[in-house]
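Me: I should like to understand how the labels applied to a protein structure are justified. Please set each value against its criterion and then draw the conclusion.

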Amino acid sequence: MTIAVCPGSYDPVTSGHIDVIERCARFFKEVHVLVAVNSAKTPLFTEAERVRMIRRALDESGYEHVYVDSTDGLITDYCKSIGATVIVKGLRQNGDYEAELGMALVNRQLADIETVFLPADPVREHISSSIVKDVARHGGDVTGMVPSGVVPMLNTALNHEKSQR
């Protein structure tokens, strides 16, 4: 059976991300949720915090064949190292397909790794990490947009961010 990788920045992980991961887990023997570290971006959460928040959210779901890791290298190199042949990406209606298609073609060229696209749940397709951070920064309630364990972590990170200004 196939090993799949679900890469993303997960800054923070959202309920939409968890939905895609859980749906992916129904199809593959192993699923590796991969926090992709992009040195060109300044995330709100550290790499370790993002890994920890995903693990906590998935522990609530009980998926024993879903693993969480991180990399600052190429996703295709990570895939090769664990024997994965599929990358799974969730798509929303906001133009994700155009951006993800180019990456999928490059990943196939680099490492002969296929990409499978899962459409977002219509109830969650408007949720993104950027929107969650923006709503929370302005005092809005993000309950339901992120796993319950993420809300206090988000509040702590934003309070720290505010104190640094």
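Me: Why is Asp96 called buried?

Reply: In this predicted model, Asp96 has a relative accessible area of 14%. Buried means under 20%, so Asp96 is buried.

Me: What makes the pair Asp96 and Arg92 a salt bridge?

Reply: The closest N and O atoms of Asp96 and Arg92 are 3.2 Å apart. A salt bridge requires a side-chain nitrogen of Lys or Arg within 4 Å of a carboxyl oxygen of Asp or Glu, and the pair therefore qualifies.

Me: Is Arg92 then buried or partly exposed?

Reply: Arg92 has a relative accessibility of 25%. Partly exposed covers the range between under 20% and over 50%, so Arg92 counts as partly exposed.

Me: How many salt bridges does the structure hold, and what makes Glu100 and Lys89 one of them?

Reply: The structure holds 8 salt bridges. In the bridge between Glu100 and Lys89, the closest N and O atoms are 3.5 Å apart; the limit is 4 Å, so the label applies.

Me: Which parts of the chain does the pair Glu100 and Lys89 tie together?

Reply: Glu100 belongs to helix H4 (residues 96-111) and Lys89 to strand S4, so the pair ties together parts that are 11 residues apart in sequence.

Me: How do you know whether Glu100 and Lys89 are buried or exposed?

Reply: Glu100 has a relative accessible area of 15%, and for Lys89 the value is 15%. Buried means under 20%; Glu100 is therefore buried, and Lys89 is therefore buried.

Me: Where does Lys89 lie, and what does its side chain reach at 3.4 Å?

Reply: Lys89 is placed in strand S4 (residues 86-91). Its side chain reaches the backbone oxygen of Pro7 at 3.4 Å. Setting aside neighbours within four places in sequence, Lys89 is in contact with Pro7, Glu100, Thr115, Val116, Phe117 and Leu118.

Me: Why is Thr115 called buried?

Reply: Thr115 has a relative accessible area of 18%. With buried meaning under 20%, Thr115 is buried. Thr115 is found in strand S5 (residues 114-119). Apart from residues up to four places away in sequence, it touches Ile87, Lys89, Ala104 and Asn107.

Me: Which residues does the UniProt annotation "binding site" cover?

Reply: According to the unreviewed UniProt entry, this annotation covers Ser9, Lys41, Ile75 and Lys89.

Me: Is Ser9 buried or partly exposed?

Reply: Ser9 has a relative accessible area of 33%. Buried means under 20% and exposed over 50%, with partly exposed in between; Ser9 is therefore partly exposed. Ser9 is in the loop between strand S1 (3-8) and H1. Without counting neighbours within four places in sequence, Ser9 is in contact with Val35, Ala36 and Arg50.

Me: Which residues are linked with Asp19 in a network of salt bridges?

Reply: The network links Asp19, Arg23, Asp121 and Arg124. Within it, the side chains of Arg124 and Asp121 meet at 2.9 Å, N to O; the limit for a salt bridge is 4 Å, so this pair meets the criterion.

Me: How do you know that the side chains of Asp19 and Arg23 make a polar contact?

Reply: The distance between them is 2.9 Å. A polar contact asks for N or O atoms within 3.5 Å, so the distance requirement is met.

Me: Are Asp19, Arg124 and Asp121 buried or partly exposed?

Reply: Asp19, in helix H1 (residues 15-25), has 13% relative accessibility and so counts as buried, the cut-off being under 20%. Arg124, at 28%, is partly exposed, and Asp121, at 21%, is partly exposed.

Me: What makes Leu74 partly exposed, and which patch does Leu74 form with other residues?

Reply: Leu74 has a relative accessible area of 48%. Exposed would require over 50%, so Leu74 is partly exposed. Leu74 lies in the loop between strand S3 (66-71) and helix H3 (75-82). Together with Val106 and Leu110, Leu74 forms a nonpolar patch on the surface, with about 270 Å² of accessible area together.

Notes:
Residues numbered from 1 in each chain as written. Predicted model: local features only at pLDDT ≥ 70, side-chain atom pairs only at ≥ 80, totals over all residues. Heavy atoms only, no water. Helix = DSSP H or I, 4+ residues; strand = E, 2+ residues; numbered from the N terminus. Buried < 20%, exposed > 50% of the residue type's maximum accessible area, 1.4 Å probe, protein only. Polar contact = N/O pair within 3.5 Å; in protein donor to acceptor, adjacent residues only side chain to side chain. Patch = residues over 30% accessible without salt bridge, like charges linked within 9 Å, V, L, I, M, F, W, Y side chains within 5 Å. Areas by Shrake-Rupley, 256 points an atom, 1.4 Å probe, with all protein chains shown as cover. UniProt positions renumbered as here; feature names shortened; annotations may be inferred. Contact = heavy atoms within 4.5 Å.
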